[in-house]
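Me: I'd like a close look at one spot in this model, plus whatever surrounds it. Keep it informal, please.

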Amino acid sequence: MRTLAKALAVLLLLAGCSSPGHRDGGPITLRFQSLAWQQESVAAGKELVREWNAGHPDVKVEYVQGSWDSVHDQLLTSFEGGEAPDVIHDASDDLADFAYGGYLADLTGLLPARLRSDIPPGSWRTATFGRGVYGVPFLQEPRVLIANADLLRRAKVRVPTAGHPWSWAEFREVARRLTGPGRYGVAWPLKEPVSATLNLSLSAGGRLFHRGADGKVAVRFTEGDAVVPRTVHDQVAVDHSAPASTLGSGGSDTLPGFFAGRYAMVPLGFSYRQQIVQQAPEGFRWEVLPAPAGSEGLTQGVSPQTLSVSEDCPHKKEAVAFIDYLLRPENTVRLALGDWMLPTGTQALKDPALHTAANGWATGAALASRLRPAPAQSVRGYPEWKDKVATPAYQQYYSGAIGLAELRGRLERDGNLVLARYQR
């Protein structure tokens with residue numbers, strides 16, 4: 001019996017040492033969960049996976065489709081259940097809790113020199129938590145103004161450029177001039193108001209999150225943080241140059257009204273241009289304008305899309321090699337064009353296809369050097385703070401239900417209570 005027990009123990013030990021990424025002695029298999037959703041970007045991602053598999057018979061990659069709408073909860077469940085994908089597509093502002101929770105691999109010693117040097121330090125900061133790097137930032141999206149070109153010319157307003165943008169005050173005045181019977185100067189789709197407000201507030205010097213000498217973060221709502229919220233609030237409640245009805249809408253929801261001439265401008269993420277190209281009626285003329293500038297110029301925050309590796313992945317080296325392949329400059333350009341976004345990599349960003357005047361590519365590329373990590377990038381507890389405190393507070397302020405003082409109080413008082421639980 002003792003001999004049998006020893007034999008069983010050896011078999012169990014050998015079984016535990018065998019790699020779950022191998023199948024019956026065959027190639028390593030990596031599961032890559034992609035959140036791409038636009039038809040072109042899904043096609044580009046799947047094609048790159050096919051090309052990798054054709055050239056790497058010993059390391060096969062399975063493409064798994066995920067969803068931006070549920071990715072945080074889905075990943076948390078898969079991490080807890082030991083079923084997380086090996087290569088994880090996400091956004092940098094969703095990584096902090098996963099990184100600090102030990103669910104993501106620290107890539108510091110695994111990243112090839114080419115990839116490390118090609119992506120600027122500012123972009124790497126979006127995926128750096130403590131002393132570790134927990135994702136590779138690869139695509140980013142500035143916020144821009146999509147404008148009805150004919151209405152702009154008819155109103156004889158100055159058309160801004162990246163070299164000479166509107167100030168927030170000028171933007172407010174232009175929206176008033178573009179407002180007329182049956183038409184608003186601007187429509188703000190703020191169903192998800194927090195990231196839009198915080199990222200645009202960097203242009204006015206707003207930071208909101210302040211890290212002390214002890215490393216702990218506190219919320220402080222300063223005058224710079226008030227510029228963008230006050231502009232939106234006043235356009236809705238004072239100038240009546242923006243409708244209250246779109247405040248609970250997503251970006252796509254505003255496009256029919258934009259095409260019908262009910263809204264002269266809509267602030268949107270850069271990637272919405274693809275939907276406009278697909279859906280705009282024949283003869284509709286539109287153009288991409290830079291977002292307004294404040295005391296910090298055109299600076300705005302971004303949360304780049306990232307590629308991470310699960311801490312439980314038994315083949316981290318191979319997973320990083322696959323990420324490096326996906327993010328070769330020529331491949332990154334394919335992903336950027338498919339997603340209608342900008343690459344973080346400096347070599348990919350030089351591609352002429354990203355600098356054409358058509359569909360506003362040149363305007364977006366001109367903003368790339370002014371993109372900074374979103375204010376909440378490294379804040380533990382940000383998802384809960386956003387959902388429970390910031391989203392309802394901003395929504396109520398924009399609708400006129402509360403004033404600026406109450407907004408400040410909720411963000412600071414209630415917000416700091418939430419963050420404190422994550423920083424004990």
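Which side chain meets that of R410 in a salt bridge, and what is the N to O distance in Å?

Reply: The partner is E406: its side chain meets that of R410 with 3.0 Å from N to O. A salt bridge here is a side-chain nitrogen of Lys or Arg within 4 Å of a carboxyl oxygen of Asp or Glu. R410 and E406 are about one helical turn apart, because they sit four residues from each other in helix α18. E406 counts as partly exposed, because its relative accessibility is 33%. For burial, the cut-offs are under 20% relative accessible area for buried, over 50% for exposed, and in between for partly exposed (1.4 Å probe, protein chains only). Helices (H or I, at least four residues) and strands (E, at least two) are DSSP runs, numbered from the N terminus.

Some ground rules before going further. This is a predicted model, so local features need pLDDT of at least 70 and side-chain atom pairs count only at pLDDT 80 or more, while totals for chains, interfaces and linings use all residues. Residues are numbered from 1 along each chain as its sequence is written, and side-chain values use heavy atoms, with hydrogens and water left out. The predictor's confidence in each residue, pLDDT, goes from 0 to 100. The protein chain averages 93, and 94% of the residues score at least 70. Residues 1-23 are another story: pLDDT stays under 50 there, and the model has 13 contacts beyond four places in sequence for that stretch. Contact means heavy atoms within 4.5 Å. Where pLDDT is low, the predicted coordinates should not be read in detail.

Back to the salt bridges, of which the structure holds 15. At the far end of α18 (404-421), R421 forms one with E384, and the closest N and O atoms are 2.2 Å apart. That pair links distant parts of the chain, since R421 is in α18 and E384 is in α17, 37 residues apart. R421 counts as partly exposed because it has 40% relative accessibility, whereas E384 is buried because its relative accessible area is 14%.

Helix α8 has a bridge of its own, between the side chains of R176 and E173 (2.7 Å, N to O). These two lie three residues apart in α8, about one turn of the helix. R176 counts as partly exposed at 34% relative accessibility, and E173 is likewise partly exposed at 34%.

Now for what α8, α17 and α18 pack against. The buried residues of helix α10 pack against α8 (168-178), α9 (193-201), α17 (382-399) and α18 (404-421). α10 covers residues 223-237, and its 15 residues reach 20 Å from first C-alpha to last, close to the 21 Å expected. That expected span is 1.5 Å times one less than the number of residues. The helix bends by about 30° at P229, the bend being the angle between axes fitted to the seven residues ending there and the seven starting there. α10 is mostly covered, with 11 of its 15 residues buried. Among those buried are G224, P229, H233, D234 and V236.

P229 also shows up in the surroundings of Y394, which touches P193, V194, T197, L198, L208, F221, P229, L407 and L411, not counting residues up to four places away in sequence. Y394, L407 and L411 are among the residues with the most contacts inside the largest nonpolar core, which has 50 residues. The elements giving two or more residues to this core are β7 (143-148), α7 (149-155), α8, α9, β9 (217-219), α10, α17 and α18. The largest share, eight residues, comes from α17. A second, separate core has 36 residues, including L48, Y325, L327 and L335. By nonpolar core I mean a set of buried Ala, Val, Leu, Ile, Met, Phe, Trp, Tyr and Cys residues joined through side-chain atoms within 4.5 Å. In soluble globular proteins, nonpolar side chains tend to be buried together.

L48 and Y325 lead to one last residue, N331, found in helix α14 (residues 329-339). Leaving out residues up to four places away in sequence, N331 touches L48, Y325 and L326. N331 is buried because its relative accessible area is 4%. By contrast, Q347 in helix α15 (residues 346-349) is partly exposed, with a relative accessible area of 43%.
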